[in-house]
Amino acid sequence: MKRLYIPFIWELVLIISTIIWEKQSFYFFFVFYVGLIVYFYFINKQFSFRELSSNFSEVKNFWIPVMMTVAAMVLAYFFQEKIIVGMYSEYYDSIVHLPIRNELAPLLFKCLLFMVIKPVAEGLFYRKAIILFDNKKKMVLLTIASLLLCSITLAHGVVGITTIILMALPVTIAYLVTKNVYVSIMAQFLFEVYNTGYETVYDLARIYFR
């Protein structure tokens with residue numbers, strides 16, 4: 001766990017920054033997630049494109065868990081929307097807002113952040129680095145810690161934290177079951193292609209035709 005001191009401090013800096021300078025939150029998150037990837041990929045060698053690509057031929061052990069996780073994320077998103085509709089003011093007040101300009105470059109950066117950078121960074125930090133399988137009790141405690149750490153970056157209130165944990169559960173369970181971080185990364189990537197990709201295409205079309 002010694003190698004996690006830097007990411008923990010990095011997250012604390014992010015949380016403080018988004019509280020003080022909330023209007024700049026999008027840029028703080030971009031730097032935060034890129035920093036995690038640099039740390040775990042270049043320094044700790046926790047990600048390999050070769051290992052990722054080697055999974056692509058595995059239907060039973062990779063693609064089936066990936067698609068099941070994506071389906072679970074879509075279901076979780078449905079329940080999240082139900083919570084938001086029922087408690088909108090509490091939800092709105094408890095999440096970190098990521099305001100960006102409604103222009104081409106910021107929207108493309110948003111797409112890159114949520115579809116590619118965020119799934120990889122969260123998979124490497126909140127799942128592969130934090131969750132250990134030494135024994136069941138330790139695994140359970142670290143899983144809870146993982147979910148809480150993941151949620152408090154994006155929300156500072158109970159309702160917001162609950163919705164973030166709800167969305168993180170499918171990819172976390174996928175990692176616990178498969179012990180393969182590439183399953184959770186790919187599932188989150190595909191879900192964001194479906195979710196963020198649709199929103200981005202809509203926003204880009206609106207900019208183009210206005």
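The protein exposes about 11700 Å². Carbon and sulfur atoms supply 70% of that area. The model behind these values is predicted.

**Fold and dimensions**

The secondary structure comes to 9 helices and 0 strands. From the N terminus on, the order of elements is therefore simple to write: α-α-α-α-α-α-α-α-α. The C-alpha atoms fill a box of roughly 50 × 35 × 35 Å along the principal axes. How does the radius of gyration fit the chain length, and what would a compact globule of 210 residues have? Such a globule would have a radius of gyration near 17 Å, and the protein has 17 Å, so the two agree.

Burial and contacts add to this picture. Of the 210 residues, 45% count as buried. Take the contacts with a separation of 6 or more: residues 24 or more positions apart account for 78% of them.

**Charges**

The protein carries 18 positive and 13 negative side chains. The centres of the two sets lie 9 Å apart.

How many salt bridges does a search of the whole structure find? The count is 3. They are set out below.

| Acidic partner | Basic partner | N to O distance |
|---|---|---|
| Glu122 | Lys118 | 3.3 Å |
| Glu122 | Arg127 | 3.8 Å |
| Asp134 | Lys138 | 3.2 Å |

**The Glu122 network**

Glu122 takes part in a salt bridge with Lys118 and in another with Arg127. Where do Glu122 and Lys118 lie? Both are in helix H6, which covers residues 104–129. They sit 4 residues apart, about one turn of the helix. Both Glu122 and Lys118 are buried. Arg127 is buried as well.

**The Asp134 pair**

Asp134 forms a salt bridge with Lys138, with the closest N and O atoms 3.2 Å apart. Is Asp134 buried or exposed? Asp134 has a relative accessible area of 57%, so it counts as exposed, the cut-off being over 50%. Lys138 has 33% relative accessibility and therefore counts as partly exposed.

Sharing of partners is a separate matter. Salt bridges with shared partners join Lys118, Glu122 and Arg127 into one network.

How values were computed
Residues are numbered from 1 along each chain as its sequence is written. This is a predicted model: local features need pLDDT of at least 70, side-chain atom pairs count only at pLDDT 80 or more; totals for chains, interfaces and linings use all residues. Side-chain values use heavy atoms; hydrogens and water are left out. Helices (H or I, at least four residues) and strands (E, at least two) are DSSP runs, numbered from the N terminus. The radius of gyration is taken over C-alpha atoms; the globule rule is 2.2 Å times the number of residues to the power 0.38. Buried means under 20% relative accessible area, exposed over 50%, partly exposed in between (1.4 Å probe, protein chains only). Contact means heavy atoms within 4.5 Å. Accessible areas come from the Shrake-Rupley method with a 1.4 Å probe; for residues, only the protein chains shown count as cover. Lys and Arg count as positive and Asp and Glu as negative; His and the chain ends are not counted. The place of a charge is taken as NZ of Lys, CZ of Arg, CG of Asp or CD of Glu. A salt bridge is a side-chain nitrogen of Lys or Arg within 4 Å of a carboxyl oxygen of Asp or Glu.
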